[in-house]
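Colleague: Got a minute? I'd like a quick tour of this one.

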Amino acid sequence: MPSLSNFFCLTVLRSHYSVASSHPLFSPTKPQVLLSHPNPSYPPSISLRPCRCKISTVRASIAARPVVGAPDDLVASILSKVKGTDGGVLLTKDGHKEVADVALQLEKYCVDEPVKCPLIFGEWDVVYCSRPTSPGGGYRSAFGRLVFKTNEMVQVVEAPDTVRNMVSFSAFGFLDGEVSLKGKLKVLDDKWIQVIFLPPKLKIGSLGFQYGGESEVKLQITYIDEKLRLGKGSRGSLFVFLRRG
């Protein structure tokens, strides 16, 4: 019987990541990670300079450039539809459609150049993905969930261009672990970003190691305000992020 460490490693690699092509942050192109995108033609890259301050001072910049968000009822609606669904795993087909319909309405209120909005910085919980196995990969599959219980799926975007993804879990109800990725963010156009991640790090109990190679993902920011962020992977997966705290 393969060791538990090997099992974890194989599970994550297989999803590479099935996750890779979807998770926004959770979909690569080589070994996929967490975002993705069909094959659009992107204009020349532009640098991301929304703010040269630390995350703690982002709100001060926002005050100078107020962002008009969507009506509160739309924001509350999409959050209520994804709450308690284990990141979308427990939703029916109709439930996913309802989330997608509200997301389309929210897109109408997105700022013109969301990649330049300082609100993208901060810590975000990944509360929903239309393809539930994207954030986390194989251990989020039907079989994987019998062994692994997801505790948190978090994405941190740090100024000026650092992205950190982390999925924490418990195996067999007593063994804690997490998979984490650190990447560099690059702006592709007004709405699309690309993140090139270093090899993932896997930690199980007191053991930790790095494996695999670099991965690349793409994500479109379709809505953002002080509380909520929506993203769409290159293969069409919808992500809902809720600001922590």
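Modeller: Sure. One term before we start: accessible areas come from the Shrake-Rupley method with a 1.4 Å probe. Also, this is a predicted model.

Colleague: Okay. How much area does the protein expose, and what share do carbon and sulfur atoms supply?

Modeller: The protein exposes about 11700 Å². Carbon and sulfur atoms supply 54% of that area.

Colleague: And what percentage of the residues is buried?

Modeller: Buried residues make up 52% of the 245 in the protein.

Colleague: What's it built from? How many helices and strands?

Modeller: Five helices and 10 strands.

Colleague: Among contacts between residues at least 6 apart in sequence, what share joins residues at least 24 apart?

Modeller: That share is 61%.

Colleague: Let's do strands. How do E1 and E2 pair, parallel or antiparallel?

Modeller: Antiparallel, over four bridges. One bridge partner to look for: Asp125 goes with Val154 in E2.

Colleague: What about E2 and E3? How many bridges there?

Modeller: There are 10 bridges between E2 and E3, and these two strands also run antiparallel. E3 covers residues 162-171. For a spot to click on, Lys149 stands opposite Ser170 in E3.

Colleague: What do E2 and E3 form?

Modeller: A hairpin, with three residues between the two strands.

Colleague: Switching to pockets. How much space lies in the largest pocket?

Modeller: About 250 Å³. There are 15 residues lining that pocket, and the closest to its centre are Val82, Gly84, Gly87, Val126 and Val127.

Colleague: Which elements give two or more residues to the lining?

Modeller: Helix H3 (72-82), strand E1 (122-129) and strand E2 (148-158).

Colleague: Which one gives the most?

Modeller: E2, with four residues in the lining. That is the strand with the 10 bridges to E3.

Colleague: And by class, what is the lining made of?

Modeller: It has five nonpolar, six polar and four charged residues.

Colleague: Now some single residues. Where is His96?

Modeller: His96 is in helix H4, which spans residues 93-107.

Colleague: Is it buried or exposed?

Modeller: Buried. The relative accessible area of His96 is 18%, and the cut-off for buried is under 20%, so His96 makes the cut.

Colleague: What does His96 touch?

Modeller: Leaving out residues up to four places away in sequence, His96 touches Gly88, Leu91, Tyr128, Cys129, Ser130 and Pro132. Take Tyr128: it sits 32 residues from His96 along the chain, and their C-alpha atoms are separated by 9.8 Å.

Colleague: Next, Thr222. Which strand is that in?

Modeller: Thr222 is in strand E8, residues 215-224.

Colleague: Why does Thr222 count as buried?

Modeller: Because its relative accessible area is 5%, and buried means under 20%.

Colleague: And which residues does Thr222 touch?

Modeller: Glu107, Cys110, Leu230, Gly231 and Lys232, again not counting residues up to four places away in sequence.

Colleague: Last one. Where is Gly212 found?

Modeller: Gly212 is in the loop between strand E7 (207-210) and E8.

Colleague: Buried or exposed?

Modeller: Exposed. Gly212 has a relative accessible area of 57%, so it passes the cut-off of over 50%.

Colleague: How far is its C-alpha atom from that of Leu198?

Modeller: The C-alpha atoms of Gly212 and Leu198 are separated by 9.0 Å. Along the chain, the two residues are 14 apart.

Colleague: Great, thanks.

Methods: Residues numbered from 1 in each chain as written. Predicted model: local features only at pLDDT ≥ 70, side-chain atom pairs only at ≥ 80, totals over all residues. Heavy atoms only, no water. 1 Å grid on protein atoms, 1.4 Å probe; cavity = no way out; pocket = protein on both sides within 12 Å on 5 of 7 lines; lining within 4 Å. Points joined across faces, edges and corners; volume = space filled by probe spheres on them. Nonpolar A, V, L, I, M, F, W, Y, C, P; charged D, E, K, R; others polar. Buried < 20%, exposed > 50% of the residue type's maximum accessible area, 1.4 Å probe, protein only. Contact = heavy atoms within 4.5 Å. Pairing = 2+ DSSP bridges.
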